[in-house]
Amino acid sequence: KSNLILMGGKGTEESSRYKTGTAIESVVRSATKPVWICQRDKLSKILCGIDGSRSAAKALQFAIDLSRRYSAQLCIIHALPS
């Protein structure tokens, strides 16, 4: 009943992708919920996309909380309907 899956892991050095067959790769491919993979010990920049929806507002609040907790720079991008 979760809304977000959080995992820690390392990508391969060359491509920052995850090797086939790893737990992270399996979760990302099969998850029906968003997956957040933290590759570094310290967050320094967070990007949050918003579009005016309720879920975007919740994501923005989450991003604000994370940026405060980790003293990270928060960049917000807004999508406009065409």
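Helices and strands are here DSSP runs, helices (H or I) of at least four residues and strands (E) of at least two, numbered from the N terminus. In these terms Ser 71 belongs to the loop between helix 2 and strand 4 (73–78). The structure is a predicted model, and what follows should be read with that in mind.

**Overall arrangement**

The protein contains 2 helices and 4 strands, and its elements follow the order β-α-β-β-α-β from the N terminus on. Of its 82 residues, 18% are buried. Among the contacts that join residues at least 6 apart in sequence, 57% link residues at least 24 apart.

**The nonpolar core**

The largest nonpolar core is made up of 8 residues, namely Ile 46, Cys 48, Ile 50, Ala 56, Leu 60, Ala 63, Leu 66 and Ala 72. Strand 3 and helix 2 each contribute at least two residues to this core, and the largest share, 4 residues, is that of helix 2. In soluble globular proteins, nonpolar side chains tend to be buried together. Leu 60, a member of the core, is in contact with Cys 48, Ile 50, Leu 74 and Ile 76 once its neighbours within four places in sequence are left aside.

Cys 48, also in the core, counts as buried because its relative accessibility of 6% falls under the 20% limit. Cys 75, by contrast, has a relative accessibility of 31% and so counts as partly exposed, a class that lies between 20% and 50%. With a disulfide taken as a pair of cysteine sulfur atoms within 2.5 Å, the count for the model is 0 disulfides.

**Ser 67, Ser 71 and Lys 45**

Ser 67 lies in helix 2 and is buried, with a relative accessible area of 10%. Leaving aside neighbours within four places in sequence, Ser 67 is in contact with Ile 46, Ala 72 and Leu 74. Lys 45, in strand 3, is 22 residues from Ser 67 along the chain, and the C-alpha atoms of the two are separated by 7.8 Å. Lys 45 and Tyr 70 are 25 residues apart in sequence, with 9.3 Å between their C-alpha atoms. Not counting residues up to four places away in sequence, Lys 45 touches Ala 72 and Gln 73.

Lys 45 counts as exposed because its relative accessibility of 63% is over 50%. Ser 71, in the loop that precedes strand 4, is likewise exposed, at 65% relative accessibility. The phi angle of Ser 71 is near 50 degrees, a positive value in a residue other than glycine.

The accessibility values discussed above are collected here.

| Residue | Relative accessibility | Class |
|---|---|---|
| Cys 48 | 6% | buried |
| Ser 67 | 10% | buried |
| Cys 75 | 31% | partly exposed |
| Lys 45 | 63% | exposed |
| Ser 71 | 65% | exposed |

**The largest pocket**

The largest pocket holds about 550 Å³ of space. Its lining consists of 21 residues, with Leu 4, Trp 36, Ile 46, Phe 62 and Leu 66 lying nearest the centre of the pocket. Two of these names, Ile 46 and Leu 66, also appear in the largest nonpolar core. Strand 2 (35–38), strand 3 (45–50) and helix 2 (54–70) each supply at least two residues of the lining, and helix 2 provides the largest share, 6 residues. By residue type, the lining divides into 13 nonpolar, 4 polar and 4 charged residues.

Notes: Residues numbered from 1 in each chain as written. Predicted model: local features only at pLDDT ≥ 70, side-chain atom pairs only at ≥ 80, totals over all residues. Heavy atoms only, no water. 1 Å grid on protein atoms, 1.4 Å probe; cavity = no way out; pocket = protein on both sides within 12 Å on 5 of 7 lines; lining within 4 Å. Points joined across faces, edges and corners; volume = space filled by probe spheres on them. Nonpolar A, V, L, I, M, F, W, Y, C, P; charged D, E, K, R; others polar. Buried < 20%, exposed > 50% of the residue type's maximum accessible area, 1.4 Å probe, protein only. Core = buried A, V, L, I, M, F, W, Y, C linked by side-chain atoms within 4.5 Å. Contact = heavy atoms within 4.5 Å.
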